[in-house]
Each structure stands twice: as C-alpha cells, then as structure tokens.
Amino acid sequence: MHKIYIDGSWVNSSSGKTFESFNPATKKSIGTFQQGNAADARHAIDAAYDAQKKWAGMPAPSRARILFNIRDLLTKDKERLGRLVTTEMGKILPEGLGDVQEAIDIFEYMAGEGRRLFGHTVPSELPDKFAMTTRLPIGVVSVITPWNFPIAVPAWKMAAALICGNGIVWKPSSDTPLCAVELVKIFEKAGMPKGVVNLLTGPGSSVGDELVRNRAVSGISFTGHRDTGEDILRKAGVKRVGLELGGKNGIIVMDDADLGLVVDGIIWGAYGTSGQRCTAASRVIAHEKIAGKLEKLLLARIAKIKIGDGLQKGTDMGPLINEGAVRKCEKYIDIGKKEGAKLVCGGKKGSASGHFFLPTLFTGAAPDMRIAQEEIFGPVLSMIAVKNMDKAIEAINSVDYGLSSSIYTKDMKNAFRAICEIEAGLTYVNSSTIGSEAHLPFGGVKGTGNGVREAGITGIEEFSSIKTVYFDYSGRLQRAQIDTD
Ligand code: NAP
C-alpha cells in the first residue's frame, strides 16, 4: 500500500481510507493509495511552511544542484517511469517516455536558472542612490495537477517553484497517484531536504479544497478543467493563482498547403494521446477547395490507426483515462449528430477490455456547434469548411478558449496573419498544435487561463515575487519626485 509524504516521511492518512488506481488499458488495479483529507493537508502545509525558510536560505546555485540530481535520476530511470506513465495513464510508450523527457528538460532548464534568477539594476532619478530588483520566493505553494501529463506537468511547476525557493504541497490527480509517488521518491533520493516537497493523494473536494483555502499557502498553481479552475479562483482569496485550463484548438488548412504534411499533423494532433492533451487539435478549419480531398486522405490514415495497450509495440493510440471519459465522448457523438454534422468514422467504444474509443471524424461541422465549441478531451475531430482566410480566422477565434493553434500554408502573408490574429497562447506554422519545449513559455488566453505562462523564463515569474530595492548612500534625505532637477 502506498503512503503520503509529509515532512520527509511516508505515512498513512489520518482518514484511514484508501482508493485504487487502475490501468485504463486493462481496467486492472495497479495499487492502493491513501485517501488524504483536510487534516493531512494542514499537516503538510505546516511542514512546508517550516521547511521553506531554510530552503530559501540556501543559495540558489546550491538548490540547483539538487535539481540537477533530479534530472540525472529521471534520465537513469526514464524507461521504467515511461512504462509507468503508459500503465497508469494509458498513452502509448513513446509518449510515456516523452512525458518523462519533458520533466528531464525542465529540471535541467530550471537548475540552470539557479545561476541567474535575474533582477534589474536601473539608474535612480537621484544621485548616490542605487535602484534594483531582486526575486524572493512566494512561500508555500499548492501544486494541483491533472492526469494527462502525470510526470511532465507536475515537473514544470515544481522545478520552477523549487529553484525560486518555495515549499510545496502537491496534490496529483486521483487517476495517476502512482506516477506521483514515484516522482517524489526521486526527489527524496536526489537529496531534497525534508518538508520542502510534500505529497498528498486524495480527493480534490477535501485535500484540494484545503490547499486552496488555507491561509498559510501563498500561491496556487493549478492545471486542469476550466470549471475546477474557476472554482479555485473563487475560493483562493488573496493568493497568487496560476491557472492552466482547457483548450479547443484548431488547425487551419489553406488551399496551398502540402496535404501530406497536413495529414501527418492532424493525425498526431487529434489522435495522439487519444486526444487527451490540452493542446490536442479538435477542429480542422479547411479551405473549401481542399476539404473533400483532405477528408479522403484523413479517412485512409485513420483506418490504419492501431488501437490497444500502449505498452504493446506498434500501438498508435491507447485508451481514454476512465469510463467517464468514454461516456463524455459518447455524449458528444450524440450531440454532433443531432446538430447535423456528419459522422464519417468512429463514434463508438473500442474493445471492452479497456476504456477504448475509436478515432472519430465529423465533417460538415459549423463553428458554432457544441462539438466545435466545447472541450471533449477525446479522439473526436470536427472539420469545418471555410471560403477564405478571413472566415478561417473568424472560425478559429469563435471559441471561448485560446491555448494552441496551427496553420498550414505556403503563403507568408497568411502565416503572419495567423501569428498576429489568432487568439491563442501558441501558434504553430506548418506543424501540429502540440510540441511545446521546456525553455519557451506555455499557456493560453481567454478561457484557457488567467495570463500565467509556465516553463521558460516565465516559469520563474509564476513562482517568484519581485522585491524593489532602493539603496541610498548619499547620507542625506533625498525625496523622490521633489528633490530632482
Ligand atoms: P480536473 O478534473 O480539473 O482535475 C485536476 C486536478 O484538480 C486534480 O488533481 C483534481 O483532483 C483536482 N481537483 C478537483 N476538484 C478540485 C477542487 N474543488 N479543489 C481543488 N482541486 C480539485 O482536470 P483533469 O480531468 O484532471 O484534467 C483534464 C483537464 O486539464 C482538461 O480540461 C485539460 O485541457 C486540462 N489541461 C490543461 C493543460 C494546460 O496547460 N492548459 C495541461 C493539461 C491538462 P481529483 O483527481 O482528486 O479530482
């Protein structure tokens, strides 16, 4: 039985209750976990509060050495952890390994930041006075994460939070607690001082709620569903809150695009990770001149997608995370049909041995249909045909979300219009909607978030607080705005 990790010790929850995690490809249990509660959360917050002071007092390059150790241990253990991601979350093994690689990359990047953490030094308006900024940690940060990137998303947050000197209480998704336990064991092995990182498995409604409301917590970093994010924002009070929420990402295909490249990109964007990426492509906005041809090419490729257990070699698409996700896809298939879109393939469950759903394509969709507006988070793609670039931009921007986007075209003008006019945090030109790299900012606009960007230098901004310093060595009172020439 797995335990929770508080103040450097693996312990049972005071609830006395447990829950199980299942392999979505086989529906078999892969472990029993503590059902943490609000009392455990308070205990973990207190531990993080005490440990954070000492951690923040350690020079950032020394903290970085522990982050480099984490990078090295993750690298050594990549195969085992990648297989674990596939077993617990369902994505195919190359993607499971990619999940771990993202964590390796971000720990490497953030460890490097330990020798930077730049502030600014600027001239003062007064003589004999220095004006500069420096970075301080926020304090105790609650990290609340989803199941779809069970190693990478927590790593993006925690690597940045740690290098900035924060204490952490982490609540992972109840669908992927084993990945969380294994990641924290790596932190422990890397020499993380006790209490700096604490792990609580258990429900969002109790553990998560305490992590959001507790006044000793100064920052919350949340990735997940928009409804949960909005709920957190309502309850958080005066805390720094970073929200990374859903997406309804589109690919524009213009009539001059290389359709071979387009098909590769759409198949990867829509059906990779079974459509369960926040950046997954769930809409194709195709120029009407090539929409028919594109449909035929896509159908031919979809027919070849091999669905199954992601650990088996040759599998292209794994299961959905759980039964609820399958039911959600089924619900949207009914909605799409009722709305008048044409279901041209898929639309139903795959093998009953796991939570499989067939790769699905709707054509003849209109931008305002629910299947083209709401996040389905499964392998369900809707194709919308448009007359020209103006209509394509209008369609892609017609949703409430704004995470990722893409355009396929050979026309520089259309490419730059996409960069400038699409309302999204990410725009890819001639590649799919997915493929973020650790040293560049990641995040969205509109309903996708509240402006925070993770990874890259912006990850440091999420987890540090700017202190402005005025150092007057004139030996006399100098009044800003008054004693200036
Ligand atoms: P979710 O249901 O919102 O859950 C996310 C996390 O929040 C889980 O740990 C969950 O715990 C916890 N939680 C639930 N209710 C809570 C509450 N009232 N207070 C505090 N915490 C609470 O999302 P999900 O189904 O795991 O993830 C899928 C969503 O994540 C999609 O919308 C996807 O687009 C989004 N996502 C966004 C990004 C991005 O960077 N923009 C990246 C990946 C995923 P339990 O598991 O115990 O319920």
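This is a short group-meeting talk about a ligand site and the two domains around it.

Okay, so first thing: what we have here is a predicted model. The domain assignment gives us two pieces, with domain 1 running 4-245 plus 449-469, and domain 2 covering 249-429. Their centres, taken over C-alpha atoms, are 31 Å apart.

How do the two domains meet? On the domain 1 side, 22 residues are in contact with 28 residues of domain 2. The area buried between them is about 2,100 Å², and carbon and sulfur atoms give 58% of it. If you want names, look at Lys 27, Ile 92 and Glu 95: together they supply 23% of what domain 1 buries against domain 2, more than any other three residues.

Now, the ligand. Where does it sit? Both domains give residues to its shell, so it lies between them. There are 28 residues around it, and the ones that come nearest are Thr 145, Ser 174, Thr 228, Leu 245 and Glu 375. By type, the shell splits into twelve nonpolar, twelve polar and four charged residues. As for elements, α7, β10 and α8 each supply at least two shell residues, and α8 has the largest share, with three.

Let's go through some polar contacts. Glu 375 has a side-chain N or O atom 2.6 Å from an oxygen of the ligand. With Leu 245 it's the backbone: an N or O atom there is 2.7 Å from a ligand nitrogen. And Lys 171 puts a polar side-chain atom 2.9 Å from a ligand oxygen. Taken alone, the ligand exposes 920 Å², and the protein buries 85% of that.

Notes: Residues are numbered from 1 along each chain as its sequence is written. This is a predicted model: local features need pLDDT of at least 70, side-chain atom pairs count only at pLDDT 80 or more; totals for chains, interfaces and linings use all residues. Side-chain values use heavy atoms; hydrogens and water are left out. A residue is near a molecule or strand if one of its heavy atoms lies within 4 Å of it. A polar contact is a pair of N or O atoms within 3.5 Å; within protein, one must be able to donate a hydrogen and the other to accept it, and residues adjacent in sequence count only if both atoms are side-chain atoms. Accessible areas come from the Shrake-Rupley method with a 1.4 Å probe; for residues, only the protein chains shown count as cover. Helices (H or I, at least four residues) and strands (E, at least two) are DSSP runs, numbered from the N terminus. Ala, Val, Leu, Ile, Met, Phe, Trp, Tyr, Cys and Pro count as nonpolar, Asp, Glu, Lys and Arg as charged, and the others, Gly among them, as polar. Domain bounds come from an automatic or database domain assignment. Contact means heavy atoms within 4.5 Å. Buried area is the accessible area (1.4 Å probe) that two parts lose on being put together, summed over both.
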